[in-house]
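Student: I would like to learn how to read side-chain pairings, helix packing and buried positions from a set of coordinates. Could we work through one case together?

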Amino acid sequence: MSTKKICIVGSGNWGSAISRVIGQNCSPGNKIFNETVNMYVFEEDIDGRKLTEIINEDHENVKYLPGIKLPTNVRAIADLVEAAKDADILVFVLPHQFIGRTCDTLKGKIKSSAVGVSLIKGVEFIGGEMSLISHIIHDSLHIPVAVLMGANLAIEVAKEDFAEATLGMDDIDHARALRPLFQRPYFRISCVNEPISVELCGALKNIVAVGAGFVDGLKYGNNTKSAIIRLGLMEMMDFCKVFYKCTDKTVFFESCGVADLVTTCYGGRHRRLAEMFVLTKKPFDVLEKEHLNGQILQGPQTSKKVFQMLRDKGHLERFPLFVAIYKVCYEDLSPNDLIKELQQHETHAHV
């Protein structure tokens, strides 16, 4: 029986961290996966050397995950089609704004029997409607797509601190078949059959984390931040119910839900830069350039897309926290007014 070939599409902070997990699970002796793990790397020059060369020779992504050694069986490839053409499982882990052009490049160039797994926490907004990343991949490449989300700060997973994640797919048995690619003693995977909720949690929690950062910048304490988290979780659940008819509330108590929300609101870059936004008065695009090493902050952009959707569907009053966070990011609403929204927030009796 032949082993399954793996390609990781993306090599940033999280892509490099998950390559350690996958590389370990594909090590010699396993009977499921091919030993060599291809990783597509957008080529860059780092101090006169190509990034692919550094990863393949020094086994370290010095730009996006410095100080962490990658498994020697992870092979960096700068040509996307070359990296992906023979893969049985494609693991997508790159900024969401690049998924369209990535799929366009891969059309007709991958195995028709391939399966995708999206680790991308974000959404696109196409033709006035929200589009889930997994749906974009599926519709473009005509392959089944699972989603993996959870409370997974990349550096902590890379250091093998214990963490959990949620693997969502419509067919729960297919999800369980993918679990061995990701599960490690330090990285535990649970499987659910409501992938839309899993994926939406990964996108919407970034909006809430921006609100948590505003609260930190205003020097409020843990009680206020806890209110942001609770009300944010309620709006996340309601959004999934109203727009996608997701009714299984237990998914929100998996790692992809409340755990990822708490982690992001206390330890993620969205919270950190939102705090700086309040303290420095600098716009997010300036803060991104100063602090994110070329990466894009997804939370403000997602809040804008969600606001447009709520406005177009007549649901602005139903999601006051999401709306207030958007207005602070884009319409010069004072962060102090976010507190007024908490004080006047409805009870969400319709959830």
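Tutor: We shall take salt bridges, then packed helices, then single residues, and we keep in mind throughout that this is a predicted model.

Student: Let us begin with the charged pairs: how many salt bridges does the count come to?

Tutor: The general idea is a distance rule, in which a side-chain nitrogen of Lys or Arg must lie within 4 Å of a carboxyl oxygen of Asp or Glu. By this rule there are 20 salt bridges in the model. One of the pairs is K313 with E129, whose closest N and O atoms are 3.1 Å apart. K313 belongs to helix 13 (residues 298-313) and E129 to strand 9 (residues 129-132), so this salt bridge ties together parts that are 184 residues apart in sequence.

Student: Are the two partners, K313 and E129, buried or exposed?

Tutor: Neither word fits, because the class in between applies: K313 is partly exposed, with a relative accessible area of 40%, and E129 is likewise partly exposed, at 36% relative accessibility.

Student: Which salt bridge does R318 form, and how far apart are its closest N and O atoms?

Tutor: R318 pairs with D238, and the closest N and O atoms are 2.8 Å apart. This pair, too, links distant parts of the chain, since R318 sits in the loop between helix 13 and helix 14 (320-330) while D238 is in helix 9 (residues 222-244), 80 residues away. Here the two ends fall into separate classes of accessibility, for R318 is partly exposed at 22%, whereas D238 is buried at 0%.

Student: Where would I look for a pair with both of its residues buried?

Tutor: Look at D216 and K225, each of which is buried; their side chains meet in a salt bridge with an N to O distance of 2.8 Å. Salt bridges may also be joined into a network, as they are for R49, E53, E57 and D58.

Student: Now to the helices: what describes two that are packed together?

Tutor: Packed helices are described by the angle between their axes together with the distance between those axes. In this structure, helix 9 and helix 13 pack at an angle of about 50°, and their axes are 13 Å apart. The two are therefore oblique to each other, and their crossing is left-handed.

Student: Which residues make that contact between helix 9 and helix 13?

Tutor: Helix 9 contributes F239, F243 and Y244, and helix 13 contributes V306, M309, L310 and K313. By class, this contact has 6 nonpolar residues, no polar ones and 1 charged residue. Note that K313 is also the residue that forms a salt bridge with E129.

Student: At what angle do the axes of helix 4 and helix 5 cross?

Tutor: The axes of helix 4 (residues 99-106) and helix 5 (residues 133-141) cross at roughly 20° and come within 9 Å. Since angles under 35 degrees count as roughly parallel, helix 4 is roughly parallel to helix 5. Their crossing is right-handed. The contact is made by I99, C103, D104 and L106 from helix 4, and by I133, I136, I137, S140 and L141 from helix 5; these residues divide into 7 nonpolar, 1 polar and 1 charged.

Student: Turning to single positions, where is I120 found, and what does I120 touch?

Tutor: A position is read from its element, its accessibility and its contacts. I120 lies in the loop between strand 7 (115-118) and strand 8 (123-126), and at 2% relative accessibility I120 counts as buried. Leaving aside residues up to four places away in sequence, I120 touches F92, V93, L94, H96, I99, I133 and M149. Among these, I99 and I133 also take part in the contact of helix 4 with helix 5.

Student: Which element holds V91, and is V91 buried or exposed?

Tutor: V91 is in strand 6 (residues 89-92) and is buried, with a relative accessible area of 0%. Apart from residues up to four places away in sequence, V91 touches I6, C7, I8, V9, I22, V117, L119, L181 and F182.

Student: And what can be said of E288, which lies in helix 12?

Tutor: E288 is buried, with a relative accessible area of 13%, where buried means under 20%. With residues up to four places away in sequence set aside, E288 touches L273, N293, Q295, I296 and L297.

Methods
Residues numbered from 1 in each chain as written. Predicted model: local features only at pLDDT ≥ 70, side-chain atom pairs only at ≥ 80, totals over all residues. Heavy atoms only, no water. Helix = DSSP H or I, 4+ residues; strand = E, 2+ residues; numbered from the N terminus. Buried < 20%, exposed > 50% of the residue type's maximum accessible area, 1.4 Å probe, protein only. Axes fitted to C-alpha atoms, helices over the stretch in contact; angles between N-to-C directions. Parallel < 35°, antiparallel > 145°, perpendicular 65-115°, else oblique. Left-handed = near helix turned anticlockwise from the far one by under 90°. Contact = heavy atoms within 4.5 Å. Nonpolar A, V, L, I, M, F, W, Y, C, P; charged D, E, K, R; others polar.
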